[in-house]
Amino acid sequence: MRCISGQAFYMRMCLLLACASWTCVPVLARQAQVNESLPIFAEQQLINITITANLDVLLADRGESPAEHAGTLVYTDDADAANARSSAFTTDIQLRVRGNFRKNEKHCNFPPLRLNFKKKAVAGSLFEGLDKVKLVTHCQDWEQAYNDRVILEYLAYQIYNVVTPFSFKVRLAEVTYVDSTLSRKPITRYGFLIEDDDDMATRNGGVISKVPLFHQDSTDAAQITVLSIFQYLIGNTDWSVTAQHNIRLVDVPGKEKVIPVPYDFDWSGLVNAPYATPAPNLRLETVRERRYRGYCRPIEDLQPHFDQFNAHREEIEALVDGLDVTSNRYRKQARQYIAQFYKDIDKSRRKKRAFLKFCRKG
């Protein structure tokens, strides 16, 4: 059966029929479940966890198919007693290196990780409901700036959470890494957990679409516009709907077209990671220089979406001001960068230049 872009019925049928060749869950059953956030993502205060594993072996395993390595996770927080959850919790986990660019040891000496929980073992804890979850790490041990940039990427996810529920929930953590062989000294750095793809889709009443080759016009018009403006806000050009690069697609019953959901914002101007560079074809000097990569639309069609971002301005700025775990320098830079975005969407001439001069013609 050929999947026809933009027609939800055919895409859902493709997903159902594809179970013979893809690993998937019962689609209709998942669509019937509209869940709230799992406990770990229902709140936002910083959590403290300790991960113990053979770090030399784990961090060296960066091939095409990294293996899972045994470890333990410890979490202690007296505040959880008020939520009827265990305030002292230890569980065995499996860990493996993940990612693409940041998995390469030339770029990061401490790569991103995936934590694999046993659902029965975490029942009744803060981690209840988790199976496999991504942990964004600090990339480099040796420079404090990388610790700050983890927090700025976490901020990007938070901003999109404010704008739309079709976004990945995140939870900031202060993580202590302990080597089980004692060949390394323990280190403590910031990181954050990212909601699983299927959990995000289920929370929004849909399923992850695995249908390949999408044009932006094959996605929900309002949502792709919000996404494109958000990517402009954070100065991110490292995404593509057609290639499904740093984009997940959610198929929701009743919606004619799929919903695009972005992730991975470390190449954005807001984060400004030392390794991030703009794509040469964009002719940008740095990732701090913004470029709107949405399709061309009249300003009057974009204006309701600009109004949406303006309505959330105070909440977004409060998120920045609340980043008391990062340095004043990076918090100030983030505030100024976001303020520039609001100037671009509030002034007529700046709007036309930002969203019409370089927009994608199709």
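This note goes through the barrel, one helix and its buried leucine, and the enclosed spaces of a predicted model.

1. Ground rules. The model is predicted, so local features need pLDDT of at least 70 and side-chain atom pairs count only at pLDDT 80 or more, while totals for chains, interfaces and linings use all residues. Residues are numbered from 1 along each chain as its sequence is written, and side-chain values use heavy atoms, with hydrogens and water left out.

2. Barrel. Seven strands form a closed barrel in the order 1-2-3-4-5-7-6, with mixed pairing. The twist from one strand to the next averages 40°. Helices (H or I, at least four residues) and strands (E, at least two) are DSSP runs, numbered from the N terminus. Two strands pair if DSSP finds at least two bridges between them. Axes are lines fitted to C-alpha atoms, for helices over the stretch in contact; angles run from 0 to 180 degrees between N-to-C directions.

3. Strand 1 and its partners. Strand 1 pairs with strand 6 (residues 170-179) in the parallel sense, over seven bridges. Here Ile-51 stands opposite Tyr-177, and Ala-53 has Asp-179 as its bridge partner. Strand 1 and strand 2 (residues 69-76) run antiparallel and are joined by five bridges. Thr-52 is bridged to Thr-72 of strand 2.

4. Faces of strand 1. Side chains alternate along residues 47-53. Ile-47, Ile-49, Ile-51 and Ala-53 point to one face and are buried. Asn-48, Thr-50 and Thr-52 point to the other and are not buried. Buried means under 20% relative accessible area, exposed over 50%, and partly exposed in between (1.4 Å probe, protein chains only).

5. Helix 5. This helix packs on the sheet and touches strand 5, strand 6 and strand 7 (187-194). Its direction makes about 20° with that of strand 7. Contact means heavy atoms within 4.5 Å.

6. Leu-152. This residue sits in helix 5. Leu-152 is buried, at a relative accessible area of 2%. Neighbours within four places in sequence aside, Leu-152 is in contact with Leu-270, Val-271, Tyr-330 and Ala-334. Leu-270 is 118 residues away in sequence, yet 6.9 Å away in space, C-alpha to C-alpha.

7. Cavities. On a 1 Å grid over the protein atoms alone, a cavity is a set of points where a 1.4 Å probe fits but cannot get out; a pocket is an open set with protein on both sides within 12 Å along at least five of seven lines; lining residues have an atom within 4 Å of a point. Grid points are joined across faces, edges and corners, and a volume is the space filled by probe spheres set on the points. Three cavities reach 30 Å³ or more. The largest holds about 80 Å³. It is lined by 13 residues, with Arg-102, Tyr-146, Arg-149, Val-150 and Tyr-275 closest to its centre. Helix 5 (residues 144-163) gives the largest share of this lining, four residues.

8. Second largest pocket. Its volume is about 690 Å³. The lining has 26 residues; Arg-98, Gly-99, Asn-100, Lys-134 and Asp-264 lie nearest the centre. Strand 3 (88-97) and strand 5 (132-136) each supply at least two lining residues. Strand 5 gives the most, with three.
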